[in-house]
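Trainee: I would like to take a close look at a single part of this protein, and then see how that part sits in the whole.

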Amino acid sequence: MDTMRERFISVTSRLLDEDPRLALVLAEISMDGFRPAQRRHPDRVVNVGIREQLLVGVGGGMALTGLRPVMHTFASFLVERPFEQVKLDFGHQGTGGVLVSASYDWPAGGFTHMAPGDIALLDTLDGWTVHVPGHPDEAEALLRHAYAAGDDKVYVRLSEQSNASPRPVDGPRLRTVREGRAGVVVAVGPLLDNVLAATEGLDLTVLYAATVRPFDDAALRQAVGRSAPAVVLVEPYLAGTSAAAAGAALADVPHRVLGLGVGRAELRRYGTVREHTAAHGLDPYGLRERITAFLLPVGAVV
């Protein structure tokens with residue numbers, strides 16, 4: 001199976017041929033994969049070198065001319081480093097574009113290439129749609145939707161991790177995967193398989209999200225209405241990022257929320273993706289331990 005980033009390259013290259021409005025701005029990352037597309041469309045595939053503020057600025061300029069710009073690099077260089085340009089060149093100027101990142105799960109890159117706070121940072125801005133696919137097929141569907149989304153501002157967060165099978169990503173943003181009565185677990189993107197393994201045999205509802213912004217208030221309210229008013233959010237970025245969104249969705253419902261995700265502490269040993277996932281407590285064992293402690297009463301049969 002190809003990776004999400006490989007799918008991004010193939011899908012975007014094809015759509016550059018089909019849509020004269022689509023443009024791509026790179027900062028060296030993934031440039032080798034896009035060289036054929038650049039030869040075909042030198043005016044719409046631009047590599048600015050390792051100048052990430054310029055990456056976003058060029059994309060913003062393209063948007064002002066009526067193009068649909070796609071900007072791509074690691075999340076730390078796409079959201080964190082050029083945040084002022086994201087805020088001003090798109091939000092303040094009222095333009096739209098698509099940010100496509102490769103993100104947290106490349107431990108060999110070190111902390112400079114990890115951005116667990118990317119979505120929390122975008123949450124300080126208005127009007128961004130955020131997709132977190134859990135499989136290359138989902139990534140393709142969400143990329144196609146983002147490219148065709150008029151002048152909307154869209155962030156697509158790709159991952160090296162993947163669930164074994166894709167899920168439908170059209171329609172409701174929170175889809176019910178499993179139903180139960182003792183609480184609700186929301187699994188985001190590539191962590192769904194770990195959540196399903198962690199909750200196997202437990203009387204819990206599991207919801208899946210590949211789109212996290214806007215947050216699906218109605219689906220969460222419905223799930224909580226059929227279950228206990230306790231929610232665990234399992235996200236492949238900074239723990240607690242969606243806690244405020246879940247709290248707002250349940251503002252008139254007495255409830256409890258636990259946010260699980262990437263911790264704030266820097267893991268200074270490179271290790272593997274699997275080792276980093278376990279260190280943050282996002283492997284099936286760590287998730288089961290924390291989910292049962294929060295959702296299931298003492299002495300309950302699990």
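Leaving aside its neighbours within four places in sequence, which residues is L174 in contact with?

Mentor: Bearing in mind that this is a predicted model, L174 is in contact with V186, L207, Y208, A209, F215, D216, A219 and L220, once its neighbours within four places in sequence are left aside. L174 belongs to the largest nonpolar core, a set of 43 residues, and is listed there among those with the most contacts inside the core, together with W128, Y155, V184, V186, L220 and V231. Two of these names, V186 and L220, also appear among the contacts of L174. A second core, separate from this one, has 25 residues and includes V185, A187, L196 and L296.

Turning from the cores to the whole chain, 54% of the 302 residues count as buried, and the chain holds 12 helices and 12 strands. Among contacts between residues at least 6 apart in sequence, 74% join residues at least 24 apart. As for overall dimensions, a compact globule of 302 residues would have a radius of gyration near 19 Å, and the chain agrees with this, having 19 Å, while its C-alpha trace spans about 65 × 40 × 35 Å along the principal axes. On the outside, the accessible surface comes to about 12800 Å², and 53% of it belongs to carbon and sulfur atoms. Finally, the chain carries 30 positive and 35 negative charges, whose mean positions lie 1 Å apart.

Note on methods: Residues are numbered from 1 along each chain as its sequence is written. This is a predicted model: local features need pLDDT of at least 70, side-chain atom pairs count only at pLDDT 80 or more; totals for chains, interfaces and linings use all residues. Side-chain values use heavy atoms; hydrogens and water are left out. Helices (H or I, at least four residues) and strands (E, at least two) are DSSP runs, numbered from the N terminus. The radius of gyration is taken over C-alpha atoms; the globule rule is 2.2 Å times the number of residues to the power 0.38. Buried means under 20% relative accessible area, exposed over 50%, partly exposed in between (1.4 Å probe, protein chains only). Contact means heavy atoms within 4.5 Å. Accessible areas come from the Shrake-Rupley method with a 1.4 Å probe; for residues, only the protein chains shown count as cover. Lys and Arg count as positive and Asp and Glu as negative; His and the chain ends are not counted. The place of a charge is taken as NZ of Lys, CZ of Arg, CG of Asp or CD of Glu. A nonpolar core is a set of buried Ala, Val, Leu, Ile, Met, Phe, Trp, Tyr and Cys residues joined through side-chain atoms within 4.5 Å.
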